[in-house]
Amino acid sequence: MNVVRAISLLLVAAALSACAGKPARSDAPVADTVVPAAASEPVATDAVDAPDAAPAAESTATATASANAGAEAAPPAGQAGASAATADAGDQDDFDALYGSNAATADASAYDPWEPLNRKVHAFNNAVDRGVARPLATAYTHVVPRFARTGVSNFFSNLRSPLTITNQLLQGRPGDAWDTLGRFLMNSTLGIGGLFDPASKAMVPRRNEDFGQTLGAWGWRRSRYVELPFFGPRTVRDVFGLAGDIPLSPIRTIEEDKVRIGLQGLQLVDTRAQLMALDDIRDSAVDEYALTRDAWLQRRNYQIENDLRGKRERGSDDANSPIPVDAMPMPQWSN
């Protein structure tokens, strides 16, 4: 029995040894074709890196989209400069409409040694303007129709023609004086006392001249700035010019006080109504006094420079001259 048991154990050990010597069998099928390494895709690598690569790709796409959005929101430097230049050009057009197309070339340096006193007078004038003149002008524009206001402006502009003619002759401009005389006669007759303006339809140019401009054309160019109570911005040259304008004021020759003062008040309200377009600019200015002074001096210098040009080179006159002397109720100095 012992011999049989020993033989059986030897046979089992031999069988186990034979099984252990065979190679391990693989369950995966063997590919019949070989794919080149350059064309093959790293499937195993992609499968392992896919969970981490997806957030990275999403972050990259988000960053790219943000950069594109930023590029669209922020214009290029050249485009931004062009936009700023366009805005400046628009501001210049507005300024040209008010002060003349060549005002930027005029010598507008502010000669203002009396600035402390001028600022006090300016504050007083602003108080009077906001308390009396502006409300009256606002009510005037709301109550009186536009065609009637235009007729009032035409009437007072026509009354200034003798003053303009005289100063044009003093400046040595007989051709302009002849045109202004033709305007005066045409508007006074066909325009029913100047209420209508047929001369403009006939292409006769309108000029506004005063003795302050004549003094400037004679050579008194640079003059210190001064602001007068009620009269507003002036220069010393223009203060002397008032003395030359007073004798030529048609309204001031009216002896009836009620009629004269009534016409002067109406002219003053009409003049203030024409300046209402500047109220928003003045109210939003950081230094309203400096804005008023510089703009007025630039405009005044443009008027004088315009008088010195030839008739063909001369630009259009500014319809809004300084507050005329006949618009202020003043004593009759000639009496």
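Modeller: Contact here means heavy atoms within 4.5 Å. This is a predicted model, in which local features need pLDDT of at least 70, side-chain atom pairs count only at pLDDT 80 or more, and totals for chains, interfaces and linings use all residues. Residues are numbered from 1 along each chain as its sequence is written, and side-chain values use heavy atoms, with hydrogens and water left out.

Colleague: Not counting residues up to four places away in sequence, which residues does Ala137 touch?
Modeller: Ala137 is one of the eight residues of the largest nonpolar core (buried Ala, Val, Leu, Ile, Met, Phe, Trp, Tyr and Cys residues joined through side-chain atoms within 4.5 Å), and this core also includes Val269 and Ala273. Once residues up to four places away in sequence are set aside, the residues that Ala137 touches are Val269, Arg272, Ala273 and Met276.

Colleague: Which element gives the largest share of that core?
Modeller: The chain has 13 helices and two strands, taken as DSSP runs numbered from the N terminus (helices H or I, at least four residues; strands E, at least two). Those that give two or more residues to the core are H4 (115-143), H5 (146-159) and H11 (257-274). The largest share, three residues, comes from H5.

Colleague: Against which helices do the buried residues of H5 pack?
Modeller: Buried means under 20% relative accessible area, exposed over 50%, and partly exposed in between (1.4 Å probe, protein chains only). In H5 the buried residues are Arg149, Gly151, Val152, Asn154, Phe156, Ser157, Asn158 and Leu159, a set that holds polar as well as nonpolar names. The helices against which these buried residues pack are H4, H6 (161-170), H7 (174-189) and H11.

Colleague: How far apart are the end C-alpha atoms of H5?
Modeller: The expected span of a helix is 1.5 Å times one less than its number of residues. H5 has 14 residues and should therefore span 20 Å, and this agrees with the computed distance between its end C-alpha atoms, which is 20 Å.

Colleague: Why is the pair of Phe124 and Phe230 classed as it is?
Modeller: Rings of Phe, Tyr and Trp (its six-membered ring) pair if their centres lie within 6.5 Å, and planes under 30 degrees apart count as stacked, over 60 as edge-to-face and the rest as tilted; a search of the whole structure finds six aromatic pairs. Phe124 in H4 and Phe230 in the loop between strands E1 (225-228) and E2 (232-235) are 106 residues apart, and their pair links distant parts of the chain. Because their ring centres are 5.5 Å apart and their planes lie at 85°, the pair is edge-to-face.

Colleague: In the pair of Phe155 and Phe156, whose planes lie at 70°, which residue counts as buried?
Modeller: The ring centres of Phe155 and Phe156 are 5.3 Å apart, and the pair is edge-to-face. Phe155, with a relative accessible area of 25%, is partly exposed. At 4% relative accessibility, the residue that counts as buried is Phe156.

Colleague: How far apart in space are Asp294 and Tyr111, C-alpha to C-alpha?
Modeller: Asp294 lies in H13 (residues 288-307) and is partly exposed, with a relative accessible area of 29%. Asp294 and Tyr111 are 183 residues apart in sequence, yet the distance in space, C-alpha to C-alpha, is 9.6 Å.

Colleague: For the chain, what percentage of contacts with a separation of 6 or more comes from residues 24 or more positions apart?
Modeller: Buried residues make up 34% of the 335 residues in the protein chain. Among contacts with a separation of 6 or more, the part that residues 24 or more positions apart account for is 72%.
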